[in-house]
Amino acid sequence: MNTVERWKQEKHPLDVVEDVRRYADEEMTFEEIEAEAGHGEWERLKWAGMYAHGNHDDYFMVRTKVPGGRLTPEQAEVVGEVADEYATAPEEFGGSEQNPIWGDAFLDVTTRQDVQMHWIEVEDVPEIWDRYDEVGLTTIQGCGDSARNVLGCPAAGLDDHECFDAQPVVDAVSEFFTENREYANLPRKFKMTVTGCRQDCAQSQINDVGLVPARKSIGDDDYYGFHARVGGGLSDGPRMASTLDVFVRPEDAVEFCRAIAQTFKELGDRHNRGVCRMRYLVEQMGPEKFEAAVRDRCAVDLRERGVDLTEGYAGDHVGVHDQREDGLQYVGFNVIGGRMGGEEFAQAARAAREHGTEASTVRLATDQNFLVTHVPEENVDDLLAEPWARDYQPDPGPFSRGAVGCTGSEFCNYGIIETKNRVRRWAKELDERIDTPDDLEVVRMHMSGCSASCAQPQIADIGFRGETVKVETEDNADDDIVEGMDFGLGGSLGADNEFLNWVEAAVPAESVIPAMEQLFEAYADEREDGERFYEWCRRVDDARLRDVMQRAEANVAGGVAAEVANDD
């Protein structure tokens, strides 16, 4: 049994929720919490949705779960107000100037349709929970080795690409697992996605469990339901999910997911934390044996597969779109890297209420953007003219539209490089400097600060993974250590799903923009009719891609070396 597993056995992780209330009442410091509960408490606190905050003792990152990404305007307003009031940096860490772009009091939309806030003190958490309880939100099991936030299509119930609205199933699965002590202590995190959309917006191919739309003929009637994909994931051992030979009726989806969780709970590896994820269990057993194990544990009969209705992968809802209902539209706002001010988010919620109908919602997307729904067509211009909307317009350049960034070294213990400021700065600069083809609406550029893949670089056109890099100085003096990254090209989900190739390792950060310019110049010269960037990267030999990049890197490296030498 590994150390983390031992901590989880010492005390049920969900018990930490009540402990948090006491820590808050007594205004305990990190040192006092650890002295009382031991080092394992930092792991158990994740079940309350709380991560220790990088190198900033006595502060937490708190993660709010949003099943399917759907928020009512009232819920979204509370989330924004909580960020504005509580996610504030102390003066010794910069106060309102903590971050050169966002200051503080901001929130991050994540690739799992969650909301993360920083600089939260333990004494404020119970009050945040009370405010969340009033509107039906929670942070419980936002982190930890349990069922995480359940993903769904952010345009569920709105879009013509949809076979049926699966949001009720998302909600039912989430409700079953949240605070369920029997399934709260799993070998590792357990990620599920449920969608009725043909375009797999909820990324079933890279989740532990993915339910996607299907149709099955039973007798003389056709029924809509789900096909199942299992064992997908990223990080150091990326794997595309395997398809099971099952048809799951919507009313059976909770029981089916429970049976998979039971299988993982019983058979998953609790000894080696590096291979505890469910994808390793599916790989080890094989999809057929894994399916048999699930069927043995499932209380409902599972029919064989029907007709798969998934047609591809969109993963992007930026722009102004018509809804099914006549005269209504939804607007996908672009949030570069997923970060925006808490007060801005609250203003967006108020605008949804003012310019939308009673059915209006705020929806979080897996590309770290958000939607405002049920807006009468005649009100869209007024919505876009709101002061908060100036930085989040639905017609961005392709790099801004596809920019995704993890938390990075600013707040994460694992982050090697800073990401949020950089991905925003780079996206804007690339949109200005690179003339992309008119038919290329989005370039997915994902930046992770380490190998943990929170920004999902493996499925991006261009993926970055944080590293440190030695740069030789001009006079051969001591090397200088700078921030850098592994550079990958050619990833995508959908019918042509493929993880990117890590084409170049340990590239100094200063070299990336010039390398990108060279790559897109070559792409513009060599692309075939309608060829997307990731398709070109796959067609062109890696050695050719590497050569294009290294010429740009060499020019920059010479400049950096000279600059370092001059500084000395």
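These are legends for a set of close-up views of a predicted model.

**View 1. How confident the predictor is along the chain.**
Before zooming in, a word on confidence: the chain averages a pLDDT of 94, and 96% of its residues reach 70 or more. The stretch to treat with care is residues 560–568, where pLDDT stays under 50. For that stretch, the model has 9 contacts beyond four places in sequence.

**View 2. Helix H5 packed against helix H11.**
Here we look at H5, which covers residues 73–86, and H11, which covers residues 342–355. Their axes sit 7 Å apart and make an angle of about 160°. Angles over 145 degrees count as roughly antiparallel, and therefore H5 and H11 are described that way. The crossing of H5 past H11 is left-handed. On the H5 side, the contact takes in Pro73, Glu74, Ala76, Glu77, Val79, Gly80, Glu81, Ala83 and Asp84. Facing them from H11 are Gly342, Glu343, Phe345, Ala346, Ala349, Arg350, Ala352 and Arg353. Sorted by class, the contact of H5 with H11 has 8 nonpolar, 2 polar and 7 charged residues.

**View 3. Helix H8 crossing helix H10.**
H8 runs over residues 253–267 and H10 over residues 287–297. The two pack at an angle of about 115°, and their axes are 8 Å apart. That angle makes H8 roughly perpendicular to H10. This time the crossing is right-handed. H8 brings Glu255, Phe256, Arg258, Ala259, Ile260, Gln262, Thr263, Glu266 and Leu267 to the contact, while H10 brings Phe290, Ala293, Val294 and Arg297. Count the contact of H8 with H10 by class and you get 7 nonpolar, 2 polar and 4 charged residues.

**View 4. Helix H2 meeting helix H6.**
Now for H2 (residues 16–25) and H6 (residues 125–135), whose axes come within 8 Å and cross at roughly 125°. That makes H2 oblique to H6. From H2, the residues in contact are Val17, Val20, Arg21 and Ala24. Their counterparts in H6 are Val125, Pro126, Trp129 and Asp130. The contact of H2 with H6 has 6 nonpolar and 2 charged residues, with no polar ones.

**View 5. The open antiparallel sheet and its hairpin.**
Five strands line up here in the order S3-S14-S15-S12-S11, as an open sheet with antiparallel pairing. S3 (70–71) and S11 are the edge strands, each pairing on one side only. At the S3 end, 2 bridges join S3 to S14 (residues 362–364) in the antiparallel sense. Look for Arg70, whose bridge partner in S14 is Arg363. At the S11 end, S11 (residues 319–322) pairs with S12 (residues 328–333) over 4 bridges, again in the antiparallel sense. One pair to pick out is His321, opposite Tyr330 in S12. S11 and S12 form a hairpin with 5 residues between them. In the turn, Gly327 has a positive phi of about 85°.

**View 6. The mixed sheet, strand by strand.**
Another open sheet has 5 strands in the order S16-S17-S18-S19-S20, and its pairing is mixed. S16 (403–405) and S20 (501–508) are at the edges with a single partner strand each, so one side of each is left without a neighbour in the sheet. From one strand to the next, the twist averages 25°. Within the sheet, S18 (residues 462–471) and S19 (residues 480–489) run antiparallel and are joined by 10 bridges. Lys470 stands opposite Ile481 in S19.

**View 7. Helices H14 and H15 on the mixed sheet.**
To finish, the helices that pack on the sheet with S18 and S19. H14 (residues 420–433) touches S16, S17 (445–448), S18 and S19. The direction of H14 makes about 160° with that of S17. H15 (residues 512–526) lies across S17, S18, S19 and S20. Relative to S19, H15 runs at about 25°.

Notes:
Residues are numbered from 1 along each chain as its sequence is written. This is a predicted model: local features need pLDDT of at least 70, side-chain atom pairs count only at pLDDT 80 or more; totals for chains, interfaces and linings use all residues. Side-chain values use heavy atoms; hydrogens and water are left out. Axes are lines fitted to C-alpha atoms, for helices over the stretch in contact, and angles run from 0 to 180 degrees between N-to-C directions. Angles under 35 degrees count as roughly parallel, over 145 as roughly antiparallel, 65 to 115 as roughly perpendicular and the rest as oblique. A crossing is left-handed if the near helix is turned anticlockwise from the far one by less than a right angle, and right-handed if clockwise. Contact means heavy atoms within 4.5 Å. Ala, Val, Leu, Ile, Met, Phe, Trp, Tyr, Cys and Pro count as nonpolar, Asp, Glu, Lys and Arg as charged, and the others, Gly among them, as polar. Two strands pair if DSSP finds at least two bridges between them. pLDDT is the predictor's confidence in each residue, from 0 to 100.
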